[in-house]
Number of protein chains: 2
Amino acid sequence: MKPVKVGVLGLGTVGGGTVNVLKRNAEEIARRAGREILVSRASARHLTQQRICDTQGMSLTVDPFEIVNDPDIDVVVELIGGYDLAKQLVLTAIANGKHVVTANKALIALHGNEIFAAASKKGVMVMFEAAVAGGIPIIKAIREGLSGNRIKWLAGIINGTGNFILTEMRDKGRDFADVLAEAQALGYAEADPTFDVEGIDAGHKLTILASIAFGIPLRFDKVFTEGITQITRADVEYAEELGYRIKHLGVARNTEQGVELRVHPTLIPKRRLIANVDGVMNAVLVCGDAVGPTLYYGAGAGAEPTASAVVADLVDVVRAMTSDPENRVPHLAFQANAIVDTPVLSADDIKTAYYLRLTAEDKPGVLADVSRILAAHQISIEALIQKEPLAGESSVPIIMLTQQTLEKEMNAAIAEIETLATVTGKVARIRLETLG
Amino acid sequence: MKPVKVGVLGLGTVGGGTVNVLKRNAEEIARRAGREILVSRASARHLTQQRICDTQGMSLTVDPFEIVNDPDIDVVVELIGGYDLAKQLVLTAIANGKHVVTANKALIALHGNEIFAAASKKGVMVMFEAAVAGGIPIIKAIREGLSGNRIKWLAGIINGTGNFILTEMRDKGRDFADVLAEAQALGYAEADPTFDVEGIDAGHKLTILASIAFGIPLRFDKVFTEGITQITRADVEYAEELGYRIKHLGVARNTEQGVELRVHPTLIPKRRLIANVDGVMNAVLVCGDAVGPTLYYGAGAGAEPTASAVVADLVDVVRAMTSDPENRVPHLAFQANAIVDTPVLSADDIKTAYYLRLTAEDKPGVLADVSRILAAHQISIEALIQKEPLAGESSVPIIMLTQQTLEKEMNAAIAEIETLATVTGKVARIRLETLG
């Protein structure tokens with residue numbers, strides 16, 4: 001049979017990795033797919049740059065539109081990233097009847113609904129395994145592997161940079177800013193680290209996971225995100241003392257009131273497998289009503305792990321390209337006409353347990369005041385540590401774990417606690433999930 | 001569209017769980033599959049038995065052949081287990097043009113080559129996600145999710161009973177026989193526990209995993225299996241002291257000399273995620289050349305976790321049943337004509353590191369003798385513990401970790417060590433894998 005002809009847009013890290021994997025494993029991949037998969041064209045910003053891949057046998061261009069408009073190309077692999085140009089290219093490829101594979105989480109999270117509608121109309125596939133958690137086949141696991149379940153919730157470490165920073169803070173007792181600077185020097189973190197440390201990148205990925213888990217449209221605008229910039233070394237240590245690890249999680253939960261979509265630092269019990277996922281590694285915990293908790297772990301970024309997902313999508317496309325479009329795996333796991341726009345809960349209505357840290361004068365009555373305020377908001381204290389004052393200081397840190405409460409109750413309680421004359425500064429608050 | 005009509009053979013634990021999941025999640029499943037999936041017929045040994053599922057609306061029979069011969073049935077779900085009858089039923093269903101879903105690992109491991117050949121001839125699908133690691137979508141992950149990789153090796157905790165026993169031995173300092181008796185009382189272990197504790201069940205599953213990972217035929221007859229019956233409480237404790245856990249692993253490795261297929265107790269570093277998979281849970285670590293190590297974790301048995309896999313297969317069948325049989329996901333991941341009968345290495349030619357425990361007289365020169373024998377076989381010692389003699393005893397336990405060596409060298413060395421006058425009894429030997 002004729003080889004499937006692929007056009008790759010973007011020959012950076014992931015593009016180069018994809019070309020390398022397709023070449024190195026060409027025989028193995030053809031044995032699986034039943035056809036050879038050939039990168040016949042690729043676009044890059046500069047034609048004469050040093051690359052991680054061999055471009056022999058490919059026709060190179062600086063204009064990606066040449067590729068999406070080339071009638072000889074069967075599948076377009078979009079690896080340039082970003083929003084506008086990528087969207088235009090993908091929509092043009094679809095309009096030209098080409099299947100698309102992309103690793104672009106931002107594109108899918110923000111424009112996926114429109115892109116999938118266009119793809120369904122043209123009967124082409126748009127695959128995006130590489131958009132979430134790099135090489136871990138998490139889209140496939142949820143979309144196909146757990147299709148018998150009502151997914152109750154999922155929680156993922158889906159940003160390697162953030163997890164690297166939190167792991168270093170814990171292992172080496174270092175401060176956030178210090179580790180971030182090192183991560184930037186090592187190339188793990190971007191010069192502008194906002195997307196990673198503020199949870200935006202994780203928010204894009206969570207949007208996609210929640211959609212395929214619950215059968216809801218992609219709603220990135222509804223994701224609550226909180227970054228890890230406020231996490232202190234002290235919080236990491238107190239959490240350990242209480243038997244917890246702090247991880248930056250994306251959490252999606254299917255509740256009777258609506259869907260929770262949130263990214264925030266989270267205390268999780270140390271004994272959970274996911275609490276032991278360290279460094280730049282990713283992991284996603286998915287709980288289905290039939291299967292119970294399942295976990296998927298692997299490299300969430302990097303040239304070849306991401307390429308692994310891109311190539312798996314290519315093999316899927318090859319295996320399904322002659323099939324009836326009506327009977328393929330739906331883009332968002334559920335049939336397009338069965339996607340239900342379940343309300344997404346506002347942050348106020350999310351229920352979690354909390355870790356609180358406050359600095360108080362070392363005087364009788366402080367704890368009584370704090371407890372009274374929490375009780376007035378129906379918040380129960382689960383555990384408490386009060387430390388000795390440091391030498392020469394008159395204030396002490398008080399650390400509390402609370403039971404589950406609505407976020408709005410916690411906001412109100414914290415506001416009141418902060419007005420106490422005996423409490424100094426802000427109350428630090430980190431959400432806590434048992435993931436049981 | 002008309003519902004897909006399913007006939008279920010066997011209404012025991014997994015059969016009942018499958019019916020329950022299909023009924024409870026009917027709407028959610030139809031939203032994913034695009035069609036209703038209806039169990040219209042089922043067979044059971046007795047028609048009037050108490051069951052875990054509601055059989056309303058199904059036509060029941062004691063004769064499973066009625067179902068595989070019923071022209072009205074689209075898909076047969078085989079959940080009766082065992083070899084002969086199951087094989088006959090599955091082959092009849094295939095001959096009648098029906099797709100088959102099975103949870104029967106023994107059937108696939110022993111007769112899969114024949115069954116898949118028959119299925120390919122008739123253009124029907126035979127799905128078996130539930131045959132390995134229960135609810136974990138591990139077949140799908142390897143067969144489709146990692147299809148861009150050359151799989152280098154995989155290692156799995158794929159027998160829950162064995163893992164429960166080893167976990168209890170470690171956590172509570174109990175003996176093997178004692179925990180086994182409890183597991184039998186709890187219903188985790190069969191009255192005849194041979195399949196579980198001797199590694200036969202794990203061998204069936206490993207056979208399947210290795211085949212789809214490496215593109216080789218199913219070769220259960222070539223799997224080396226060693227059970228956990230010889231593991232002592234002392235071994236578990238010494239392993240911990242050295243920074244390791246003992247797990248009963250199925251290991252498959254793709255080497256230049258051939259494929260290793262082996263099930264045996266294994267020391268693995270405590271810090272590995274898979275070393276922390278406890279109780280009846282299962283996990284499989286898969287290392288691809290592009291993606292690196294990935295891990296899949298979840299419930300490996302039980303009514304609903306297994307049903308989760310059966311139903312996912314049913315959804316896959318529904319999504320693909322109108323497709324061209326030539327372009328579907330191949331049964332064993334690789335195209336039938338691309339399966340290569342790579343030699344499977346004999347146990348003698350397997351290379352691993354070892355944990356050795358021997359009892360020696362507390363005399364000078366013993367260690368020198370033992371070290372000399374190991375050195376003569378080119379075996380290096382990596383770590384060593386020599387304990388004080390117990391009160392009133394003159395012999396001491398010596399524990400060693402060695403570097404990697406060929407099994408035949410180790411066998412020869414152990415035989416020589418056992419002839420030393422200063423060494424009492426047998427040398428206990430457990431393989432060690434760093435899984436790095």
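Two salt bridges cross the interface of domain 1 and domain 2 of chain A, and that is where I'd like to start today. Please keep in mind that we are looking at a predicted model. On the domain 1 side of this interface, helix H5(A) gives the most, with eight residues touching domain 2. Five residue pairs, both members at pLDDT 80 or more, are also in polar contact across the interface.

Let me step back and show you the parts. The domain assignment splits chain A into domain 1, which is 4-135 plus 303-338, then domain 2 at 140-298, and domain 3 at 350-432. In the contact between the first two, domain 1 of chain A puts in 23 residues and domain 2 of chain A puts in 19. Their centres, taken over C-alpha atoms, are 27 Å apart.

How much area is buried between domain 1 and domain 2 of chain A? It is about 1,700 Å², and carbon and sulfur atoms give 66% of that. If you wonder about the unit, the size of an interface is often given as the accessible area lost when the parts come together.

Now, one residue to find on your screens: Lys105(A). You'll see it in helix H5 of chain A, which covers residues 105-122. UniProt, in an unreviewed entry, lists Lys105(A) under "binding site". Which residue forms a salt bridge with Lys105(A)? The partner is Asp201(A), and the closest N and O atoms are 3.9 Å apart. Leaving out residues up to four places away in sequence, Lys105(A) touches Ala131(A), Asp201(A), His204(A), Lys205(A) and Ile208(A).

Is Lys105(A) buried, partly exposed or exposed? Its relative accessible area is 24%, so we call it partly exposed, as buried would mean under 20%.

Let's move on to the two chains. Here 63 residues of chain A meet 62 residues of chain B. About 4,900 Å² is buried between them, with carbon and sulfur atoms giving 51%. On the chain A side, Arg31(A), Arg32(A) and Arg319(A) lose the most area to chain B, together 17% of what that side buries.

What about charged pairs? There are four salt bridges between chain A and chain B. Take Arg24(B) and Asp289(A): they form a salt bridge, with the closest N and O atoms 3.1 Å apart. Polar contacts link 30 residue pairs across the chains, again with both residues at pLDDT 80 or more. And which element gives the most to the side of chain A that touches chain B? That would be H12(A), with 10 residues.

Notes:
Residues are numbered from 1 along each chain as its sequence is written. Chains are lettered from A and ligands numbered from 1 in the order in which they are written. This is a predicted model: local features need pLDDT of at least 70, side-chain atom pairs count only at pLDDT 80 or more; totals for chains, interfaces and linings use all residues. Side-chain values use heavy atoms; hydrogens and water are left out. UniProt positions are given in the numbering used here, feature names are shortened, and annotations may be inferred rather than shown by experiment. Helices (H or I, at least four residues) and strands (E, at least two) are DSSP runs, numbered from the N terminus. Buried means under 20% relative accessible area, exposed over 50%, partly exposed in between (1.4 Å probe, protein chains only). Contact means heavy atoms within 4.5 Å. Domain bounds come from an automatic or database domain assignment. Buried area is the accessible area (1.4 Å probe) that two parts lose on being put together, summed over both. A salt bridge is a side-chain nitrogen of Lys or Arg within 4 Å of a carboxyl oxygen of Asp or Glu. A polar contact is a pair of N or O atoms within 3.5 Å; within protein, one must be able to donate a hydrogen and the other to accept it, and residues adjacent in sequence count only if both atoms are side-chain atoms.
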